[in-house]
Each structure stands twice: as C-alpha cells, then as structure tokens.
Amino acid sequence: IYLLIGTIFYNYYDGFGWAGGFNYAVSIAFTIGWNTGYYETKDLSYLFSTFYICGGVLLASIELMYISHYFSIHREKWYIIRRKKKEFLKRIAIEENNNNIKSTYRTYKSKFRILY
C-alpha cells in the first residue's frame, strides 16, 4: 500500500508514468538512491518526498523490530528445547552405558568368579 501511494502521487502529480512512478517510489521509500532519470521539479513534490522517505524509514524500522522480536522469542524457545534434548540424550547415554556394564558383567560373571 505504501508503494502504491507513492506510485500514484509520482504518476499523477509529477507525470512520471506508472512504471517511472513505481521506480521512483521504491527508490525514495527505501532510500536506495538509484539514478532513475526522474527528478522532482515542484515544491510539493519535494515536500512529499521528504515525508515519504521518513515514512519509509519508519516502516522499515518497525518491520525490523517485529522480525527481531519474533526471532528473539523463538530463539529462547529453541534454546530451551535444545537444552532439554541434550539433557535427555545425556541421560540415555548414561543409562545405555550402565546397561552395557551390567550386561558385560553378566556375560563375564563366571570369569570374574574364577579370578576372585
């Protein structure tokens, strides 16, 4: 919607056309600075572009904030799940080790009796 507003403004007010208006709107909204060949010639267009840049930076900042918040929440969940899985695998390894020792003892029980 944000790019559509810029495209419509630059198409109708500055006469850049739909493709040129969209190209200029993207360039201005994301402060890319492409040399599009289109330039504002009217004061209202300069004013609109200034607020359009500020709005684009604000929207990008808000999006980055939401994305970082999402990953920070899921990182904590991922860490907890990973830690529990690691503890579970460690317990299984200890139990398997104990079972191996017991089965080895049972297998060689008679040989141990001979030695003692």
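I take helices (H or I, at least four residues) and strands (E, at least two) as DSSP runs, numbered from the N terminus. The model is a predicted one, where local features need pLDDT of at least 70, side-chain atom pairs count only at pLDDT 80 or more, and totals for chains, interfaces and linings use all residues. Residues are numbered from 1 along each chain as its sequence is written, and side-chain values use heavy atoms, with hydrogens and water left out.

**Entry: the chain as a whole**

I looked up the elements and found 4 helices and 0 strands, running α-α-α-α from the N terminus on. For burial I use relative accessible area: buried is under 20%, exposed is over 50%, and partly exposed lies in between (1.4 Å probe, protein chains only). On that scale, buried residues account for 19% of the 116 residues in the chain. With areas from the Shrake-Rupley method (1.4 Å probe; for residues, only the protein chains shown count as cover), I note that the chain exposes about 9,600 Å², of which carbon and sulfur atoms supply 65%. A contact means heavy atoms within 4.5 Å, and among contacts between residues at least 6 apart in sequence, 48% join residues at least 24 apart.

**Entry: helix H2 and Gly6**

I looked at two aromatic residues of helix H2, which covers residues 17–29. Tyr24 is found there, and Tyr24 is buried because its relative accessible area is 7%. Its C-alpha is 8.1 Å from that of Gly6, although the two residues are 18 apart in sequence. Phe22 also lies in helix H2, but at a relative accessible area of 43% Phe22 counts as partly exposed. From Phe22 to Gly6 I read 7.1 Å, C-alpha to C-alpha, across 16 residues of sequence. Setting aside neighbours within four places in sequence, I find Phe22 in contact with Leu3 and Thr7.

**Entry: the loop before H2**

I placed Gly15 in the loop between helix H1 (2–12) and H2. Gly15 has a relative accessible area of 56% and is therefore exposed. The C-alpha atoms of Gly15 and Glu40 are separated by 10.0 Å, with their positions 25 residues apart along the chain.

**Entry: helix H3 and its patches**

Helix H3 spans residues 43–107, and I looked up three of its residues. Thr50 lies in this helix and counts as partly exposed because its relative accessibility is 44%; its C-alpha stands 9.6 Å from that of Ala29, 21 residues away in sequence.

For surface patches I take residues with over 30% relative accessible area and no salt bridge, joining like charges within 9 Å and nonpolar side chains (Val, Leu, Ile, Met, Phe, Trp, Tyr) within 5 Å. A salt bridge is a side-chain nitrogen of Lys or Arg within 4 Å of a carboxyl oxygen of Asp or Glu.

Ile62, in helix H3, is partly exposed because its relative accessibility is 33%. Ile62 belongs to a nonpolar surface patch with Leu58, Leu59, Met65 and Tyr66, which together have about 500 Å² of accessible area.

Arg82, also found in helix H3, has a relative accessible area of 47% and so is partly exposed. I find Arg82 gathered with Lys85, Lys86 and Lys90 in a surface patch of positive charge. In this count Lys and Arg are positive and Asp and Glu negative, with His and the chain ends not counted; the place of a charge is NZ of Lys, CZ of Arg, CG of Asp or CD of Glu.
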